[in-house]
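Work through the exercises below with the sequence and the coordinates open. Each task is followed by a stepwise solution.

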Amino acid sequence: SDVYKRQAQEPVDRRGEVIPGKRYRDERGRMVTVVRASQLRVSYRREGYTGDSETGRREFEIKFTEVKS
């Protein structure tokens, strides 16, 4: 349990991390919002659409650019 306590105290660098709620632009400049993300998959919703889309994490990181707020 000491390992968990130590990890919790270290500052976490979240830049570049795919987390729900973050917004990105696809290769055509269209805005998307991340809904869910795991080590392997990313689910996202395109602006103006009701359904979610899903792609591999690696492909998402290549094709999408984070929108800085």
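The exercises go from the whole chain to the sheet, then to the core and to two single residues.

This is a predicted model, in which local features need pLDDT of at least 70 and side-chain atom pairs count only at pLDDT 80 or more, while totals for chains, interfaces and linings use all residues. Residues are numbered from 1 along each chain as its sequence is written, and side-chain values use heavy atoms, with hydrogens and water left out.

**Exercise 1. Confidence and overall content**

Task: State which element has the lowest mean pLDDT and which the highest.

Solution.
Step 1. pLDDT is the predictor's confidence in each residue, from 0 to 100. Its mean over the protein is 86, and 77% of the residues reach 70 or more.
Step 2. Helices (H or I, at least four residues) and strands (E, at least two) are DSSP runs, numbered from the N terminus. The protein has 2 helices and 5 strands, in the sequence pattern α-β-β-β-β-α-β.
Step 3. Helix H1 (residues 2-9) has the lowest mean among the elements, 54, and S3 has the highest, 98. Where pLDDT is low, the predicted coordinates should not be read in detail.

**Exercise 2. Strand order**

Task: Derive the order of the strands in the sheet and say why one side of each edge strand lacks a neighbour.

Solution.
Step 1. Two strands pair if DSSP finds at least two bridges between them. S2 (residues 31-37) and S3 (residues 41-46) run antiparallel and are joined by 5 bridges; Val32 has Arg46 as its bridge partner in S3. The hairpin of S2 and S3 has 3 residues between the strands.
Step 2. S3 is also joined to S4 (residues 52-56) by 5 bridges, again antiparallel. In S4, Asp52 stands opposite Arg45, and Thr55 is the bridge partner of Val42. This hairpin of S3 and S4 has 5 residues between the strands, and Gly48 takes a positive phi near 90° there.
Step 3. The result is an open sheet of 5 strands, ordered S4-S3-S2-S1-S5, with antiparallel pairing. S4 and S5 (65-66) are at the edges with a single partner strand each, so one side of each has no neighbour in the sheet.

**Exercise 3. Burial and the core**

Task: List the residues of the largest nonpolar core.

Solution.
Step 1. Buried means under 20% relative accessible area, exposed over 50%, and partly exposed in between (1.4 Å probe, protein chains only). Of the 69 residues, 23% count as buried.
Step 2. A nonpolar core is a set of buried Ala, Val, Leu, Ile, Met, Phe, Trp, Tyr and Cys residues joined through side-chain atoms within 4.5 Å. The largest one has 8 residues: Val18, Tyr24, Val32, Val34, Val42, Tyr44, Phe60 and Phe64. At least two residues of this core come from each of S2 and S3.
Step 3. Contact means heavy atoms within 4.5 Å. Leaving out residues up to four places away in sequence, Phe64 touches Tyr24, Arg25, Asp26, Val32 and Tyr44.

**Exercise 4. Two charged side chains**

Task: Find which side chains make polar contacts with Arg41 and Glu47.

Solution.
Step 1. A polar contact is a pair of N or O atoms within 3.5 Å; within protein, one must be able to donate a hydrogen and the other to accept it, and residues adjacent in sequence count only if both atoms are side-chain atoms.
Step 2. Arg41 is in strand S3 and is partly exposed, at 37% relative accessibility. Its C-alpha lies 4.5 Å from that of Gly56, 15 residues apart along the chain. The side chain of Arg41 makes a polar contact of 3.0 Å with the side chain of Glu54.
Step 3. Glu47 is in the loop between S3 and S4. Beyond four places in sequence, Glu47 touches Arg23 and Met31. The side chains of Glu47 and Arg23 are joined by a polar contact of 2.9 Å.
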